[in-house]
Amino acid sequence: MEYLKGESLGDLMKRHPVRILCYMTAMVTLHQHLHTLSVDGLPRLQERYPAHTTLVAGRTLCHGDFHPYNLLLVKEDIYVIDWMDASIGNPLMDVARTFLLIRYGGRMSLRNPAECVSRFILSHLYRVCYFKRIRKVTGFEACLRLCAASRLKEHITPVESVLLQRFLK
């Protein structure tokens, strides 16, 4: 395993808020590129979601944990790290999970309104940028709901659990 010395896009977004659109555009471009790739040897999303095989089926590389803190800027290049949840499937599942991770994931304080608002804005900016050139998207809301329900079964913070339950109502 190779160690990369760089700074995460998440940290860069916090340090340079005026460049958020630039960082988000780079993030989305990279995510869209990943979704053009097909590889062998990875688990299929149908194995993780056997009751939803039609929704999750696909032949696209899905990272499974794609968010600004798993993207490292090293010199001029952005590297994607933490491939433990990579799989093959419907890219909308990967986009939905990224949206939810940006919006609710990790350590978050409900007592910090600025953080809540910035996560809301960032998650919607990600969504808008990703789907900017796509005229019709079908199945994304179902993917969001499935990813949120699935995330509740993971080891997450109590705050994230409450927010995801609210999201599902």
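Let's start with the aromatics: Tyr126, Tyr130, Phe131 and Phe140 form one aromatic cluster. Bear in mind that what you're looking at is a predicted model.

Two members of that cluster, Tyr126 and Tyr130, belong to helix α6, where they sit four residues apart, or about one turn of the helix. That spacing makes sense, since an α-helix has 3.6 residues a turn, so residues three or four places apart point the same way. Both tyrosines are buried, Tyr126 as well as Tyr130.

How do the rings meet? Across the structure there are four aromatic pairs. Take Tyr126 and Tyr130: their ring centres are 6.1 Å apart and their planes make an angle of 40°, so this pair counts as tilted. Phe131 and Phe140 pair up too, but edge-to-face, at 5.0 Å centre to centre with 75° between the planes. As for burial, Phe131 has a relative accessible area of 13%, and Phe140 comes in at 4%. The cut-off for buried is under 20%, so Phe131 qualifies, and so does Phe140.

Now step back to α6 as a whole. The helix covers residues 113–130, 18 residues in all, and spans 26 Å from its first C-alpha to its last, close to the 26 Å expected at 1.5 Å a residue. Besides the two tyrosines, its buried residues include Glu115, Cys116, Arg119, Leu122, Ser123 and Cys129. And what lies over them? The cover for the buried residues of α6 includes α1 (9–15), α2 (20–34) and α5 (91–104).

There's one more ring to look at, this time with a charge for a partner. The charged end of Arg127 sits over the ring of Phe99, 5.6 Å from its centre.

From here, follow α2 over to the sheet. Helix α2 lies across β3 and β4, and it runs at about 55° to β4. The sheet itself is an open one of three strands, in the order β1-β3-β4, with antiparallel pairing. Its edge strands are β1 (7–8) and β4 (77–80), each of which pairs on one side only. Zoom in on β1 and you'll find that it pairs with β3 (residues 71–74) in the antiparallel sense, over two bridges. To place yourself there, look for Ser8, which stands opposite Leu72 in β3.

So the tour ends at the sheet, having come by way of α2, which is among the elements covering the buried residues of α6 and also lies across β3 and β4.

How values were computed:
Residues are numbered from 1 along each chain as its sequence is written. This is a predicted model: local features need pLDDT of at least 70, side-chain atom pairs count only at pLDDT 80 or more; totals for chains, interfaces and linings use all residues. Side-chain values use heavy atoms; hydrogens and water are left out. The expected span of a helix is 1.5 Å times one less than its number of residues. Buried means under 20% relative accessible area, exposed over 50%, partly exposed in between (1.4 Å probe, protein chains only). Contact means heavy atoms within 4.5 Å. Two strands pair if DSSP finds at least two bridges between them. Axes are lines fitted to C-alpha atoms, for helices over the stretch in contact, and angles run from 0 to 180 degrees between N-to-C directions. Rings of Phe, Tyr and Trp (its six-membered ring) pair if their centres lie within 6.5 Å; planes under 30 degrees apart count as stacked, over 60 as edge-to-face and the rest as tilted. A charge sits over a ring if NZ of Lys or CZ of Arg is within 6 Å of the ring centre and within 35 degrees of the ring normal.
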